[in-house]
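Visitor: I'd like to go through this one term by term and ask what each label rests on. Please put it on the screen first.

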Amino acid sequence: MAETLQFAGEFRLDKCELISSSGVSADISKIIAEINIFEDIFSTSLTGSIIISDTNNLVDNMPIIGQEYISLKITTPSMEQDAIDFTENVFCVYEMGGRTPAGTNSEVVELKICSPELLRNERTRISKSYEETADQIVKSIMENEKYINTKKDLYLEPTLGIRKILSPNYHPYKLIQRLTRESMSAKNDSPHYLFFENIRGFHFRSLQSLYEDGVQGEFHFGDKGSDEAYSSSSDSGKLVQAYKRMINFSVPSKNNSLFDIKGGMLGSKLIMHDIYNKKYNTSTFSYFDDHNKHERLEESNAPKYNNVLIDDENTVGNFTDSRIHLHPTSVTTDDRDAQYLRVIDKNTQAAQAEEDRLGIDPDREISTAEEDANKDFMSNRADKWLLQRQQRIHELSSGMTINMSVHGNTTLTAGQVISVSLPVFGVDHENTKISKHQSGLYLINKLRHTFNPPTRTHTVSLQATKDSYPIEFESKASGQEPKPGGKPTVYEL
């Protein structure tokens, strides 16, 4: 029978077992002071820490040497189907952190943990070629017993085009990160692929795929941020609203225009040099012109900068030379990769001798497959993904960001879309109750689960970002830089 949830943030530690390198195991659930699990959409693996109060000298008796395993299961009461369950796919202890005496008979010990796939990645390398779509190459790497050999769930979004990829002794994750950078969605041509692990498994998918999962949580700060705040007098209603109410929040950054200019978010250029055809092509990205090319969080797709002139003829998105990329390619017809081109020359002696040996008619017409053996291999197509991807990843890494803490439950993970309502501080001129620009949809890009067994409280600290505003800016006057006319005065020294 499912246990009833008593208060917001309650959790149940079903299992926490430390398994030593010698095979000895110990139940440490009674001596845990704190458990932390870290998720990040820009990180390939889960990491974390477990802080224990060691009164049995486990450090020496097991011993703990950084070669142990942690079997862990944590459940939010009444949400058993969404438990954080690492009893079959265990964590690895990769380091014993600080040891602090806590009296004459105990010490506080930190065990740093990570997914075993992270250690396997560092132990193995791939020296082979692949001829498949990017998502199937990732699947092969993750399942291969010689490489990552994961048994966790894989969330893979199909990609466009068969690629011929050579791995020159790369670590598995380095090869996957290269594929992540160059992949485009078979569904909508999105180049915004991510590869990360959260408590549900590994994800190789685009931002748009994450957006399609819909809103996974709603949060507000104080009664002012929600019309439903504590509207129900029932215990279940109060619990629901307690989960929605932020414990605290801060807005660490919002639109650093200098950083955005240098990072190419507002404008950039790609010079793609074709080493096969001995020519080059130029592509540009302009923030306002290309803003709606791929789906964003908000339906309005309102940009985070105002589309007004800052001088006589330019907006902030017109300066495409602010960041320039140079990228090589080799392309034949139909966007194929020319580096695998094979041309059959019937006139060479070797070719004629081989045809005679095989009994091939020397006067036959050469097939398209013989002339172009690479017909199924897609080129890297940097002009279709590089600038768009660079802009969006920069925007999510350093754009409109909010840090907040909420009562935890085991359904929250990195990569989810959440709805945030922030109050108006000061005079509410329009009587909106919530900030019309800072509120809206956010993507969780970093998340930390903190479990405190002594108090049975689970807290989630998260960082979320947004790539668009709920409403567009209004232009009430000229946005041009105020400056005097004429020329500067020059003083000859």
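Visitor: What makes strand S5 mostly covered?

Guide: Six of the eight residues of strand S5 (residues 68–75) are buried. Buried means under 20% relative accessible area, exposed means over 50%, and partly exposed is in between, with a 1.4 Å probe and protein chains only. This is a predicted model, where local features need pLDDT of at least 70 and side-chain atom pairs count only at pLDDT 80 or more, while totals for chains, interfaces and linings use all residues. Residues are numbered from 1 along each chain as its sequence is written, and side-chain values use heavy atoms, with hydrogens and water left out.

Visitor: And what makes S5 a strand at all, and how many are there in the chain?

Guide: Helices (H or I, at least four residues) and strands (E, at least two) are DSSP runs, numbered from the N terminus. On that basis the chain has ten helices and 21 strands.

Visitor: How do you know which strands S5 pairs with, and in what sense?

Guide: Two strands pair if DSSP finds at least two bridges between them. S1 and S5 have seven bridges, in the antiparallel sense, and S5 and strand S6 (residues 84–101) have six, also antiparallel. Both counts therefore satisfy the rule of pairing. For landmarks, Glu17 stands opposite Ser71 in S5, and Lys73 stands opposite Asp85 in S6.

Visitor: What holds paired strands together, generally?

Guide: Strands of a sheet pair through backbone hydrogen bonds, either parallel or antiparallel.

Visitor: Why are S9 and S11 called edge strands?

Guide: They belong to an open sheet of three strands in the order S9-S12-S11, with mixed pairing. Strand S9 (154–156) and strand S11 (193–198) each pair on one side only, and that makes them the edges. The twist averages 10° from one strand to the next. S9 and strand S12 (residues 201–206) run parallel, joined by three bridges, and Leu156 stands opposite Phe204 in S12.

Visitor: How do you know which helix packs on that sheet?

Guide: Contact means heavy atoms within 4.5 Å, and helix H4 (residues 172–182) touches S11 and S12. The direction of H4 makes about 135° with that of S11. Axes are lines fitted to C-alpha atoms, for helices over the stretch in contact, and angles run from 0 to 180 degrees between N-to-C directions.

Visitor: What about the sheet with S15: which strands are its edges?

Guide: Its order is S16-S15-S17, again open, with three strands and mixed pairing. S16 and S17 are the edges, each pairing on one side only, and the twist averages 20° from one strand to the next. Six bridges join strand S15 (residues 267–274) to S17, and the two run parallel. Helix H10 (residues 382–398) lies across S15, S16 and S17, at about 150° to S15.

Visitor: Now the rings. How many aromatic pairs are there, and why is the Phe11 and Phe451 pair given its label?

Guide: A search of the whole structure gives ten pairs. Phe11 and Phe451 sit 5.1 Å centre to centre, with 65° between the planes. Rings of Phe, Tyr and Trp (its six-membered ring) pair if their centres lie within 6.5 Å; planes under 30 degrees apart count as stacked, over 60 as edge-to-face and the rest as tilted. So Phe11 and Phe451 are a pair, and an edge-to-face one. Phe11, in the segment before strand S1 (12–19), is 440 residues from Phe451 in strand S20 (residues 440–452). Phe11 and Phe451 are both buried.

Visitor: What makes Tyr287 and Tyr305 a pair, and of which kind?

Guide: Their centres are 6.1 Å apart and their planes make 85°, which is edge-to-face.

Visitor: Are those two tyrosines buried or exposed?

Guide: Tyr287 has 0% relative accessibility, so it counts as buried. Tyr305, at 11%, is buried too.

Visitor: How many disulfides are there, and how do you know that Cys92 is not in one?

Guide: There are zero. The nearest cysteine sulfur to that of Cys92 belongs to Cys114, 5.7 Å away. A disulfide is a pair of cysteine sulfur atoms within 2.5 Å, so Cys92 does not qualify. Cys92 is buried, because its relative accessibility is 6%.
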